[in-house]
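Please explain how this structure is put together, working outward from its interior and following the neighbours of each element in turn.

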Amino acid sequence: MDLSERIPSLQHRSRQGHSLLKRSRTAIASADLVLLSSWTAWFEGQGPLVAACTSEDDCLLRLQSSAANLLLCTDTLEGGSGTSLVRRARDDNPEIKVLIMLQRPIPRTILDAIDARCHGICSAQATGTGTVAAALTAIDTDGQYLDPLISGVLHHSRLRCSGDQVPLQELTMREEDVLRGLCRGMTNQEIADALVVSIDTVKTHVGSLLRKLPARDRTMAVVTAFREGLVQVPTRPPRWT
């Protein structure tokens, strides 16, 4: 991928910073030293970066001693794993926000990250394209984020249907439209723009979806939709008129 033409915009985006980072005490963890170094440089002028580690145990100790409330990590670490770190970190501090970058975006690691209750799940290949900033914005506003590549992997995976699940409530056409947007990795704002409705309308339908499926959160709603064959995902959702 040649990003040469995008250098000015990428540098401008980096200088702009991000409101969630500026308000947070952040820890980062990855076995990839190049990625870890680039993240460390990105934090200049943002909120406090309180930890930068390559192993699960070292990062957990730093999280416990630094009062960090935001964790950025990859699934691969030196000793342990990113999803194990997330589980232990959330056991210690249920309020911590987590964005994980999957260097192996395959169904097993994606479902593991969802089970660990990560707030954002992205492909590490998207680093440097603005995806991390988009994920942080979505986490800050919507609570959760799946990037389109991750959602696409789930869509094309053969997720096992549940045999003993309670029959699902029927979705309205508008709920199905919103669910398609979630399954494409779109944020609430992107869905609202595509459907030409307010973001509050989208949030109302998301809440209704979570009750009907039932799903504990947006990511589980996506898994349920693909596993149960509830939606076919078009190129873009239709406009509401």
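Which residues have the most contacts inside the largest nonpolar core? In this predicted model, that core has 51 residues, and those with the most contacts inside it are Leu63, Leu71, Leu85, Cys118, Ile121, Leu154 and Leu179. Helix H12, which spans residues 218-228, gives the most to this core, with five residues. A second, separate core of 20 residues includes Leu20, Leu72, Leu99 and Leu136. In soluble globular proteins, nonpolar side chains tend to be buried together.

Two of the residues named above, Leu71 in the larger core and Leu72 in the second, lead to strand S3. Five of the five residues of this strand (residues 70-74) are buried, so S3 is largely enclosed by the rest of the structure. Its side chains point in two directions, with Leu70, Leu72 and Thr74 facing one way and Leu71 and Cys73 facing the other way, and all of them are buried.

The setting of S3 can be read from the sheet, an open arrangement of six strands in the order S2-S1-S3-S4-S5-S6 with parallel pairing. Strand S2 (49-53) and strand S6 (145-146) stand at the edges, and each has a single partner strand, so one side of each is left without a neighbour in the sheet. S3, by contrast, lies between S1 and S4 in the strand order. With strand S1 (residues 26-29), S3 pairs in the parallel sense over four bridges, and Cys73 is the bridge partner of Ala29 there. With strand S4 (residues 97-102), S3 again pairs in the parallel sense, here over five bridges; in S4, Val98 is the bridge partner of Leu71, while Met101 is that of Thr74.

The connection from S3 to S4 brings in a helix, since S3, helix H5 (residues 82-92) and S4 make a right-handed β-α-β unit. Within H5, the residues Gly82, Thr83, Leu85, Val86, Ala89 and Arg90 are buried. These six cover an arc of only 155° around the axis, which puts them on the same side of H5. The buried residues of H5 pack against S1, S3 and S4, and also against helix H4 (56-66) and helix H6 (107-115).

How H4 meets these neighbours can be followed through one residue, Leu63, which touches Ala27, Ala68, Leu71, Leu85, Ala89 and Ile96, not counting residues up to four places away in sequence. Among these contacts, Leu85 and Ala89 are buried residues of H5, and Leu71 is a buried residue of S3.

Two further sites complete the tour. A search of the whole structure finds one aromatic pair: the rings of Trp42 and Phe43 have their centres 6.0 Å apart and their planes at 75°, so the pair is edge-to-face. Trp42 is buried, with a relative accessible area of 16%, and Phe43, at 5% relative accessibility, also counts as buried.

The other site is Thr131, which is found in helix H7 (residues 131-141). At 15% relative accessibility Thr131 counts as buried, because the cut-off for that class is under 20%. Not counting residues up to four places away in sequence, Thr131 touches Cys122, Ala126, Tyr145 and Asp147; of these, Tyr145 belongs to the edge strand S6 (145-146).

Conventions:
Residues are numbered from 1 along each chain as its sequence is written. This is a predicted model: local features need pLDDT of at least 70, side-chain atom pairs count only at pLDDT 80 or more; totals for chains, interfaces and linings use all residues. Side-chain values use heavy atoms; hydrogens and water are left out. Buried means under 20% relative accessible area, exposed over 50%, partly exposed in between (1.4 Å probe, protein chains only). Two strands pair if DSSP finds at least two bridges between them. A crossover is right-handed if, with the strands pointing away from the viewer, the path from the first strand over the helix to the second runs clockwise. Rings of Phe, Tyr and Trp (its six-membered ring) pair if their centres lie within 6.5 Å; planes under 30 degrees apart count as stacked, over 60 as edge-to-face and the rest as tilted. The arc is that of the directions from the helix axis to the C-beta atoms. Contact means heavy atoms within 4.5 Å. A nonpolar core is a set of buried Ala, Val, Leu, Ile, Met, Phe, Trp, Tyr and Cys residues joined through side-chain atoms within 4.5 Å.
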